Each structure stands twice: as structure tokens, then as C-alpha cells.
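This report walks through a two-chain model, starting from a single residue and its neighbours and moving outwards to the core, the domains and the contact between the chains. Please keep the structure in view while reading.

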Amino acid sequence: MAETTKAAPGRARRSPGSTSTRGTAGKGTPKPADNRASAVARRKADDEARVEYFRQMLLVRRFEERTAWAYTEAKIGGYCHLNLGEEATVVGLMAALRPTDYLFTNYREHGYAIAKGIEPRRVMAELYGRSTGVSKGWGGSMHMFDTEARLLGGYGIVGGQLPLATGAAMAVSYRGGDDVVMVQMGEGTAAIGAFHESLNIAALWNLPVVFVIINNGLGMGTTVEHSAAEPELYKRGAAYRMASARVDGTDVIAVRDAAREAVERAREESRPYLLECTSPRLRGHSVVDPAKYRSKEEKEALKAADPLAKAQLELQEAGLLTAEDVERLEAEVAEIVADAAGFADDSPHPEVSTLFDYTYATPVPNDLPRLPADPLFRV
Amino acid sequence: MATITYRQALRDTLRAEMLRDENVLLMGEEIGVFEGSYKITEGLLKEFGERRVRDTPIAEEGFVGAAIGAAMLGLRPVVELMTINFSLLALDQIVNHAAKIYGMFGGQNPVPMVIRTPGGGGQQLGATHSQNVELYYSFVPGLKVVAPSTPLEASALLKAAIRDDDPVLFLENLALYNTKGEVPDDIADVEPAEIGRAAVTREGTDITIIGYSRMAHVASEVAEKLAAEGVSAEVVDLRSLRPLDRETIVASVRKTGSAVVAEDDWLTYGIGAEIAATIQEGAFDWLDAPVRRVAMAEVPLPYSKPLEMAALPSADSLLTAVRETLRATGRTTLETVR
């Protein structure tokens, strides 16, 4: 978690490696002299938004806790990775996107699906493998997709989503559109070839794509220092002459502002951006991981880094949120989560008769819709 | 009708499809300024510009993946991989992404893209540049794999592949690029083929020879030789490896009572293994002899010319296997082959 503390809260740390970054990185950012006054003004304008972000973060938190519970009840199968501890990052990033912007994620995406505007009940139904789920029960925890919300997939193969997002940005640019593509990944992804190939292509072709690394310091149990020769991952942008920044991922406003700058640059200048958000992973890698590789002290320190508790404290200290407000929001969120779980429970499993419905988009002769014991030919 | 090369048929078809549909674009290494390692994209950069004919860095995983992402937003990218050997660098994107995206997300997003790539040994290119690994892709539901053997088929199947909403691996062959065949004067008049259909390219009654791509030609050559000996061989050109047209294969073998598969890949677990299994299940009672397979020797292909030629299937090796199969049928009417 050392990386988390390196980033100054509320401020993005920019890559020194890219000269092209320097020239334009200040666009829309106050000069140092005005910093304090502007920050206050900005905070004030954000008051309402901050309460809404808190509500969304709370929703993601309670949704994921319910998910973990449902998993232990065996209502959810397969692998299951939670956004616990990443709520500020998730909500901050999504707040920077327009509804028409595209999002690609890795397999830790339940929170993103909700924050991108998908109904929590459809996300929970997917976790339950039901036909009412976002991916009709075909994807599960790792593979959420919704055309309308422009969530173009959670992907289970580390790094697999990066070339796809690059290509989606190529399509946007090919058609002269002004949508932006954001692609999220974990910090372990910075070690895979697809990371390098995608950043290189995106920069070469001036594509409107924002690469976001969620750096929680750990692969499954491998620390970032053990997997990355340059553990300050945002610095890799310099290798592609790509603007980049690191931000404290536990501060929702800081994340939103850093993401806005990245998205702006992609939209206005059609240039890619590399944004690193440092964020704690409150629990194990997946639901079944007890995280024995972490010390007791480390686990205690994690509690202090909890973005939700931090946000609540800040809002209460700023007088934007009362204890009653929190109680009301908790009740509101609890109802949404209970509704989602109830909806998922009541939803039907997909019919076995639909097993061959999605092999091909264009029907083709001699496709083989056979079940395991079916003969090839009826003689 | 005009007589043109397989290469020209591909080039003219790409051009015709680009003129027909603004969503069609080309991506690949050295396809623009260099006009393609095998000159399939000659002149296309000049005509269509960099937006639609994109030279990529040497990053198969990156640009094949980018083509998939672009296809998800409705473009119809046609990717050229310099040889099928290099497709292995993009295996994750092809198998885990292109083939999965439509089904894995419940049929929400088709992936209309084509990967064109040549296979083929016999050019003294050594072990890593002479493989025929189309099987890897033919194994995967969600992908379609086609392997045309003539200029006309190449044009018709390329059109079908580009207009299809699924990812299609389009297998070419180094040995076929300079072969010639008839096509309509205007390539735009070629009707798109139906992916998933094999063709009986020569009718016969004594034995079925099944091949695809280069081996479909070798099969025809062998059938011609046999005809001179009074043997009537039927030739099935698979054209589509996935889906596989099992009906056509089995109907032919039920008629002839024996079969030999000719394939350029390795024998063990190869395309021919699937065909032989299909025949035993669909035509068991019609078979007069075991199904034989003629395939590449089980070695990494050597550089040395004599070693390479010994390892590759040829008309001679196919003829030997066909004669032995005919003898094994024990049919007295086939005395000429004894």
C-alpha cells in the first residue's frame, strides 16, 4: 500500500517524462497562486455532486457486500471479484464520462456497471446467472455487457480489453465522432504485452482512449514492486509520448477531476491518456481469498484508507451530510440492494433450448447444435 | 469471363468491397506503403488513403484486438496477418475475444471482421514459417474458418466473409497465389458464397478424396491420373473448415464406399481426424476399407529442400494412399489399380 500514500490526496501527480504533457497538462487547471481560492470555489460547486457520489459509493459498497454474502450462499458461481475499497475510484471515473462514452473493464466491474447507469437488479441477476441479467446469464461476474449503457464488456483475461478499447476508439475516430473510450485495468496488467501494444497503437494513431490503471498494490498476492520494474506505473506514458497522471483513488473528487482532464484531452485533442488511480483493496483478490499474505497491521491500516468512511467523515465535517442523512441513504441503498437480490432470486434461469442461440450472429449451414450425447447422424 | 490469379482475385475483391461499403477497412503489417508482403493490397493505399488502408506496427495481438474492438462498433475490418504462423501471437484476441464476444455477452454485440492469412509449406521457410495451424481456429465455436482453393471461390468466400457478422478466419496459401482461374469480367458480379458448404468439384463412383486449399488441387490432379487408369474418383473441396459440411462428405462416401483425406497440416489430431471420425459415424456401413489420411510428417518442417519435400504431402503420396485404399476394398472391378 506504499504507493497509495505517495500520491498527494486531492491532487493528480503528472508524468514528468512527457514533454507534450507539460505543455497542455495545465489546461483548465488553476495557476498555483489561485489554487486555494479556486479549490474552495470548485468544492462549493461540487457540494451537491459530492453527496450524490457518496450515495453511489454507498450503493456500490452495500451491493458488493451483498454479492459476497450471496456467493457464500452459493447463489453466485464462478470467480467473483469485488470493488470493495475502490468505490471512490469507480464513482469518480464514471462521473467524468458522458452517457455516450464507451467503457471497457476487466473482471472487477460490478460497481462500474452500476455507476455507468445499469440497473443494480440486472447486475445482480447476471451474478445469479439468470436470463434477466445484463448478459442474459451468459457472462457472470466477469462478463457484464450492456449496449445501451455503452459498457462494452467486462473481460476475464488480463489485458484482453486493452486492444479492444483501442480499436473501439479507432472506430470512433474513423467516423469522426466525439465519444471517448475509457478502459480500466488492474496494476498487474501493466506487465502484459497487450498493454504495451495498445498504448503504442493508441498514441501512434491519436486515438480518443483513456487507459486507467487501478493500482491497489497487489496482483492476487504479488506486490506491484515484484511485478513492475517501474512501479510508478503512470510514468510509462512517457514511453509513448502519452500524457499521464497518478491520482489518489480514495478521493472521489480528485479522481473525477483527473479523469475529466484525461477525457477532455481525448475528446478535444483526440489524444490517449494514461491515468493511474491508487486505491486499496479492502479484501482478498476474490471472494474466496482470505488474504493471508497480508499482515494484521496492514489490514488495520486498510481500514483507515477506506474511501467510504473517509468520504462520510469529510462530508459530515463540511456540514453537507448529517447522521440522519446517512441513515436515510443507508435505508435507500439497502432497499435497492434487497430489491436487486430479490429480483435475481425470482428471475428464471435461461432455457436450455436457448443454448445454441448465440454461437453465430449470421446463421450458417452445418452449424452443429448438438448436445454431448447426440449422434452426428441419424442413420 | 476473365482468367486471373488467386492473388488478383483477392485484391480486386477487397477493392470492390471497399467501394461498396465505407465500413470496410484494411489493417495489417506492410499492407500500405509496401503494398503487402504478397502484394495482395497493391495500389489500395493510393486509391483509398491511410484512413482505410492502415499499416500497423508489428503487434499482432494489438492490431487484431483493435480490429475486434472496431468491429464491435460496426466497422468491418479486414486484417492481414503476414502468415498464419504469426496468428499465434494474436491467439488470445482471436480465441478469447473475437470468438467469445457475441456469445459471452448474450448475443448483444456481433464482431463482423475477417482475418486473412496464408498458410503453406514448401517454400524453404523453415519450421516457424511453414505451419498449417488452421486447426487451432477450426476447433473454436464462434469462429468461422474458410479455405478457398480457386480464384472464383476466393472472391466469393471473401465477399461472404466480409459481409458476415461473425469473425471469419480466411485461409490463403502461399502456393496458390499465382494459380489462375476464371472469374466474371467484373469482380463485382461474383455472388458471395455460402460459408459452411463444401463442394463436390469432381464426380466419381469408386473413391472419395477430400481436401481443402492447396490439397484440393492435389486431389483433383490425382483424380485426373486415376481416370486415365479407369478409376472414377470423386473430389470434395471442403472450402469451409468451420462449420464443416458433414452432409456432403458423408453423402459422397456413402456413394463411393471409400475415402482418403488429403491435408497439409499434421496428422495427429488434424483436420483429417475430424473428417475420418465423421465418415465412420455417418457412413460406417457403406465403407469397404478404412479411411486413410495423407498429411504432413510429424516434424517441425526442415529448411533442407529434400527433407522438406519428403515431409510434405504430394500428388505421389496421395496417389499411393488412394491405390492402397482401393486395393483394401477388395473390389474385383478395380483390377487396374492392383
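L275(A) touches V210(A), V212(A), S244(A), A245(A), V247(A), A258(A), A259(A) and A262(A), when residues up to four places away in sequence are left out. The model is a predicted one, and in it L275(A) is among the residues that touch the most other members of the largest nonpolar core, together with A168(A), V181(A), V210(A) and I209(B). That core holds 202 residues, and because domain 1 (2-189) and domain 2 (199-337) of chain B both give residues to it, the core lies between them. In soluble globular proteins, nonpolar side chains tend to be buried together.

Chain A has 379 residues, of which 51% are buried, and its secondary structure comes to 13 helices and seven strands. Among the contacts in chain A with a separation of 6 or more, 76% are between residues 24 or more positions apart.

UniProt, in unreviewed entries, places one domain feature on chain A and lists another on chain B. The table sets out the geometry of the two spans.

| Span | UniProt feature (unreviewed entry) | Distance between end C-alpha atoms | Helix and strand |
|---|---|---|---|
| Residues 56-352 of chain A | domain: Dehydrogenase E1 component | 36 Å | 44% helix, 11% strand |
| Residues 4-179 of chain B | domain: Transketolase-like pyrimidine-binding | 8 Å | 36% helix, 17% strand |

In chain B, the domain assignment gives domain 1 (2-189) and domain 2 (199-337), and their C-alpha centres lie 27 Å apart. The contact between these domains takes 25 residues from domain 1 of chain B and 21 residues from domain 2 of chain B. On the side of domain 1 that touches domain 2, helix 6 (134-138), strand 6 (144-146), helix 7 (151-163) and strand 7 (168-173) of chain B are the elements that give two or more residues. By class, this side of domain 1 of chain B has eleven nonpolar, eleven polar and three charged residues.

Of these elements, helix 7 of chain B is mostly covered, with twelve of its 13 residues buried. The buried residues of helix 7 of chain B include the charged E153(B) and K159(B), as well as L152(B), L157(B), L158(B) and I162(B). The end C-alpha atoms of helix 7 of chain B are 18 Å apart, which agrees with the 18 Å that its 13 residues should span at 1.5 Å a residue.

How many residues does each chain bring to the contact between chain A and chain B? Chain B provides 48 residues and chain A provides 41 residues. On the side of chain B that touches chain A, helix 3 (60-72), helix 4 (91-98), helix 5 (101-104), helix 9 (246-256) and helix 10 (271-283) of chain B each supply at least two residues, and helix 3 of chain B gives the most, with ten residues. The residues on this side of chain B divide into 20 nonpolar, 15 polar and 13 charged.

Helix 3 of chain B is largely enclosed by the rest of the structure, because 13 of its 13 residues are buried. From its first C-alpha to its last, helix 3 of chain B reaches 18 Å, close to the 18 Å expected at 1.5 Å a residue. Just after helix 3 of chain B, G74(B) takes a positive phi of about 100°.

Terms used
Residues are numbered from 1 along each chain as its sequence is written. Chains are lettered from A and ligands numbered from 1 in the order in which they are written. This is a predicted model: local features need pLDDT of at least 70, side-chain atom pairs count only at pLDDT 80 or more; totals for chains, interfaces and linings use all residues. Two residues are in contact if their C-beta atoms, placed from the backbone, lie within 7 Å. Helices (H or I, at least four residues) and strands (E, at least two) are DSSP runs, numbered from the N terminus. Domain bounds come from an automatic or database domain assignment. UniProt positions are given in the numbering used here, feature names are shortened, and annotations may be inferred rather than shown by experiment. A nonpolar core is a set of buried Ala, Val, Leu, Ile, Met, Phe, Trp, Tyr and Cys residues joined through C-beta atoms within 7 Å. A residue is buried if 20 or more other C-beta atoms lie within 10 Å of its own, exposed if 12 or fewer, and partly exposed in between; C-beta atoms are placed from the backbone. The expected span of a helix is 1.5 Å times one less than its number of residues.
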